[in-house]
Structure formats: C-alpha cells, structure tokens
Amino acid sequence: EFGEFQTFQHYFIQINLSKKEMSKGTTIKEALAQWEQKTGEKAGEAEEIKLLCQIPSIEKMDASLSTLTNCKKLSLSTNGIEKITNLNGLKSLKILSLGRNNIKSFSGLEPVGDTLEELWISYNLIEKMKGIGVLKKLKVLFMSNNLVKDWTELQKLSELPCLVDLNMVNNPIEEKHSVEGTWRSEIEKKLMKLKKLDGVPIVRQDEEDEG
C-alpha cells in the first residue's frame, strides 16, 4: 500500500510540474530566437518583426525588446501581454501591433512618443485613454473591441495633433451612441482633423461645398 501511495504521490507531483511548465509564457528572447531561426535574419537588424500567436503566449514585453533598434514595425498580437513595457530601445518604431492581448492601459508608450505613427490595439481591456497623449506623431489608432465608455476619455484624443484614422467599433461608447444615431456627428465635432472613422471616410460640410 505504501508503495502504491508513493507512486501516486510521484504522479501527482509530475502533473503539478507539467502544469507549471505549461503556464510559463514564452519570453521575448525565446520568441526572437525562434524568429531568427525561421527567417534567417538578425533581429537587431530587421525592420519588421512578427512575434504573434506564440505558444505558449508571450506574457511580458521584456528587456530583450531593447535590441530591436532598427525595427519599424513590431507585431506582438494574439498573446497574453498585460502591460506595455521596455520600448526604450525601439528608436525607429513606426507601427506597433498589440491586438488581442490583455492590455488595460496606454502606460509605457513614452519611449516611442516621437516616432510611432500607427498603434493597433484592438481586442484588449482598455477603458481609460490616459497616456495616449505622448504619441505626438500618431496618425492611425485602431482600438475596436475595448472598454471605453466615457466622452471625457475620448476627448484625450484631441491631444494627438496628427491623428487622421480612428477605429472605435464595439467599445461601449460607440455602441451606445451609434444606437442613438449621434456617434459619427459627435466624433467629427470633437476631432476636427479626423479623416476616417471606423473604416469610413469623413466628408465634412466645407469639403462638400468645395466639391
């Protein structure tokens, strides 16, 4: 009986260990090594890097990202990332794709504030827009399927002088005001430089008059 118990105990410990191993996410360093092996390129020299859909998922944007000094487009979509961190070394970054993660805020974007032109961050858990104002060159913001519900939050987009293309489909604020029929007109009034909203071009009255 004791021998059977020992065997059971050993089996139980093994199951627990394998569960822990499964729950440990892929690191950026590991993902970059796999990417280099697959592409034959050096990550530190590449202009575009895709680390999407890692198995197991990437959970942290760790310090290995700082090696990507030439990267202009970085995709980390469809992972398990909760915070935007360690962008300090990405001096050339223009497009950052973080869709389908577990990100709750824009905190951490400061290091790319002077270069980033497009942020793709749909299907996350963002409710507050605090931190978005640092992106002074941002032209495109795709953030459908998040949790934004207040006009006071959306008003922070007026801090972005270059923003021309915005997608907010399936945020509570968009759903509510689309039902009421006021969504597009309100956004057009609040963000005068916007040229496209939710994939549809904006035609303003003065443009119609000129045409």
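The largest pocket is lined by Ala31, Gln34, Trp35, Lys38, Thr39, Lys50, Leu51, Leu52 and Gln54, where a pocket is an open set of points on a 1 Å grid over the protein atoms alone, with room for a 1.4 Å probe and with protein on both sides within 12 Å along at least five of seven lines, and a lining residue has an atom within 4 Å of a point. The model is predicted, so local features need pLDDT of at least 70 and side-chain atom pairs count only at pLDDT 80 or more, whereas totals for chains, interfaces and linings use all residues. Residues are numbered from 1 along each chain as its sequence is written, and side-chain values use heavy atoms, with hydrogens and water left out.

About 180 Å³ of space lies in this pocket, a volume being the space filled by probe spheres set on grid points that are joined across faces, edges and corners. Helix 2 supplies the largest share of the lining, five residues; helices (H or I, at least four residues) and strands (E, at least two) are DSSP runs numbered from the N terminus. By class, the lining has four nonpolar, three polar and two charged residues.

Turning to the interior, the largest nonpolar core has 50 residues, of which Ile49, Leu74, Leu119, Ile121, Ile132, Leu141 and Leu157 touch the most other members; such a core is a set of buried Ala, Val, Leu, Ile, Met, Phe, Trp, Tyr and Cys residues joined through side-chain atoms within 4.5 Å. Helix 2 (28-39) and helix 5 (183-190) each supply at least two residues of this core, and helix 2 gives the most, with four. Setting aside residues up to four places away in sequence, Ile132 touches Phe106, Leu119, Leu138, Leu141, Lys156, Leu157 and Leu160, contact meaning heavy atoms within 4.5 Å.

The loop between strand 2 and strand 3 holds Leu76, which counts as buried because its relative accessible area is 0%; buried means under 20%, exposed over 50%, and partly exposed in between, with a 1.4 Å probe and protein chains only. Leu76 and Leu52 are 24 residues apart in sequence, yet their C-alpha atoms are 4.8 Å apart in space.

Lys94 is found in the loop between strand 2 (73-75) and strand 3 (95-97), and counts as partly exposed because its relative accessible area is 34%. Its C-alpha atom is separated by 4.1 Å from that of Leu116, 22 residues away along the chain.

How values were computed: Ala, Val, Leu, Ile, Met, Phe, Trp, Tyr, Cys and Pro count as nonpolar, Asp, Glu, Lys and Arg as charged, and the others, Gly among them, as polar.
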